[in-house]
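Load the model and keep the sequence beside it. The tour below begins at one helix and works outward.

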Amino acid sequence: MKKFFIRAASVLLSAALIFNASFGAAEKKTASAEAGAVTFVNFPESVNGGEPIRGVDVSSIISVEKSGVRFYDDRGREEDIFKILHDHGVNYIRVRIWNEPNDGSGHSYGGGNTDLDTAAEIARRASKYGMKMLVDIHYSDFWADPEKQTRPKYWAQHSHEVLKGEIYKWTTWVVKVIDEAGGNIGMVQVGNETSCFFCGEKDMYKICDLFASANKAIRDYDRNILIAHHFANPSNADHYLWYAKVMNECKLDYDVFATSYYPYWHGTTENMTSVLKNIANTYNKYVMVAETAYPYTNEDGDGFGNTISSYSKGVDLNYDISVEGQTKALTDVFQAVADVGEKGLGVFYWEPAWIGEYNVSQQKQRENWEKYGSGWATAYASGYDKNATETGGSSFDNQALFDFSGHPLSSLDVFNNVYPKKQPPVKYETAYIGDLNKDGRINVYDLCLLKRVCFAEKPSRMIPKGLCDLNADSEITTADIVLMQQYLFGRIGSFPAGIKTELPV
């Protein structure tokens, strides 16, 4: 993620943005046409089951949920965000992985605490809904982007050759853990926005040597996994062509040349299509957008300030800052990749659910960032990243695809309008409502579990809500406990919610 959380003046303007959102949006041109369907013609059958990648990066989601954020479906019912994403057409999940995002004494750096265990949990949850994984290995303990590619702490003193060995071992371990957690790995991204800068190295030829070690680890583990290399800014066309040329000279074994594309920073979609098509045709590589986003509001949901708003300087805001503008921007990015031809794979939206707990004080937001690592950094990150000078939240919450209260925006529907769609439906299993431990009986053990779910500070992700909501009111309350007790005492023969429900396998 380029130009990460540049806060100059953003915090000072936060209050003004809240009261002037509509004024700022009114000054920008309205999208020229309604966003429509995008069709990838001649999409390769061998990739993603013949479907274009309709992806999102939700790396921060576990920490966001721990902070108290809830998500809702189109009918306003609280729901697992992975089901919401699946129901809106998302078929691929991207997750970043840091080696050791803490100070060694148990204090998180923040940014979602995206260590390997967290990534494995995200992969496990995504797999329930048939979504594939793009595993984005940063080879760093914290954010890696064009301006910083800091080696992990325990690799800092390694020679080039020793570093190659560590990269091979770490890559192998990452893929193995995600795979064994149940993740369906479709692609591994080696490095993040590595524009002639990777793991502390700035010599592109030496970088390719390091890349090759990671790539070999992936091929040795599973040759069906696609390998991607990711660069930051397609408006620098000559740079992109040079990166591709050097990788070809080094005979680097990879499949996908990926780019970030933020419309306000990275030029026109026409230029991006041209650059990617040139690389695809010259070197016979697939291409895709690994990151994109666009604001739907000038308002600031968590009090930290926004990276991009109507008041930003030196950016190209060619769409309305509105839900409609966001919809058109995302649709145009998909169309730009589709226009590459059969080598264009699709698009990932960056952090569409990185929002703060709704309607709480600024002090509570800061406590969440520090306790759960749900903001961009904690106070402990400064020991590793000199730019992380303070605890901070999400400066991208105004670019999310959910509003500040966790309800989906209509822009999330873009994914359902990208074709072709060939993926088989998610498999479901029948379960008995009230049988929380799924042992085939409803007894006192289920009552104990229901009480724990009802009175827990945070909702359980291990016990599906559909098994607990006995009265079908979309809430888990003491009313459900009373119903369970009445059932166990034989006063009622069934629950208002019914007998059975369907759960994703």
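**What packs around H8**

The buried residues of helix H8 are covered by a set of elements that includes helix H7 (237-249), strand S7 (256-260), strand S8 (286-291) and helix H9 (323-338). This is a predicted model. Which residues of H8 are buried? They are Thr269, Met272, Thr273, Val275, Leu276, Ile279 and Ala280. An α-helix has 3.6 residues a turn, so residues three or four places apart point the same way. Keep that in mind when reading the numbering of the buried set.

Now check the length of the helix. H8 runs over residues 269-283, 15 residues in total. At 1.5 Å a residue it should span 21 Å, and its end C-alpha atoms are 21 Å apart, so the two values agree. Just after H8 comes Asn284, with a positive phi of about 55 degrees.

**Across to H9**

Helix H9 is one of the elements that cover the buried residues of H8. Two of its residues deserve a stop. Val323 is located in H9. Its relative accessible area is 18%, and the cut-off for buried is under 20%, so Val323 counts as buried. Leaving out residues up to four places away in sequence, Val323 touches Tyr296, Leu409, Ser410 and Ser411. Asp469 is 146 residues from Val323 along the chain, and their C-alpha atoms are separated by 33 Å.

Gln335 is also in H9. Is Gln335 buried or partly exposed? Its relative accessible area is 29%, so Gln335 is partly exposed. Beyond residues up to four places away in sequence, Gln335 touches Ala37 and Val38. Look back toward H8 from here. Thr273 is one of the buried residues of H8. The C-alpha atoms of Gln335 and Thr273 are separated by 9.1 Å, with their positions 62 residues apart along the chain.

**Buried residues in loops**

Turn next to Gln399. It sits in the loop between helix H10 (362-372) and strand S10 (418-419). Its relative accessibility is 0%, so Gln399 counts as buried. What does Gln399 touch, not counting residues up to four places away in sequence? The list is Tyr264, Ala293, Tyr294, Pro295, Tyr296, Ile308, Gln326 and Tyr349. Tyr296 was met before, as a contact of Val323.

Glu51 is another loop residue, between strand S1 (38-39) and strand S2 (53-57). At 2% relative accessibility, Glu51 counts as buried. Glu370 lies 319 residues from Glu51 in sequence, and 40 Å from it in space, C-alpha to C-alpha.

**Backbone exceptions**

Most residues other than glycine have a negative phi, and most peptide bonds are trans. Some places in this chain depart from that. Cys196 is not a glycine, yet its phi is positive, about 55 degrees. Cys196 is in the loop between strand S5 (185-190) and helix H6 (204-221). At 22% relative accessibility, Cys196 counts as partly exposed.

Lys251 also has a positive phi, near 55 degrees, and is a residue other than glycine. Its place is the loop between H7 and S7. H7 and S7 are both among the elements covering the buried residues of H8. At 72% relative accessibility, Lys251 counts as exposed.

Then there is the peptide bond between Tyr419 and Pro420. It is cis, with omega about 5 degrees. Pro420 falls in the loop between S10 and strand S11 (428-432).

**The whole chain**

Zoom out. The chain holds 13 helices and 12 strands. Its radius of gyration is 23 Å, close to the 23 Å that the globule rule gives for 505 residues, so the chain is as compact as a globular protein of that length. Along its principal axes, the C-alpha trace spans about 75 × 55 × 50 Å.

How many of the 505 residues count as buried? The share is 56%. Now consider contacts with a separation of 6 or more. Residues 24 or more positions apart account for 78% of them.

The surface comes last. The chain exposes about 20500 Å², with carbon and sulfur atoms supplying 49% of that area. The chain carries 51 positive and 65 negative charges, and the mean positions of the two sets are 3 Å apart.

Conventions
Residues numbered from 1 in each chain as written. Predicted model: local features only at pLDDT ≥ 70, side-chain atom pairs only at ≥ 80, totals over all residues. Heavy atoms only, no water. Helix = DSSP H or I, 4+ residues; strand = E, 2+ residues; numbered from the N terminus. Rg over C-alpha atoms; globule rule 2.2 N^0.38 Å. Buried < 20%, exposed > 50% of the residue type's maximum accessible area, 1.4 Å probe, protein only. Contact = heavy atoms within 4.5 Å. Areas by Shrake-Rupley, 256 points an atom, 1.4 Å probe, with all protein chains shown as cover. Lys, Arg positive; Asp, Glu negative; His and termini not counted. Charge placed at Lys NZ, Arg CZ, Asp CG, Glu CD. Expected span 1.5 Å × (residues − 1).
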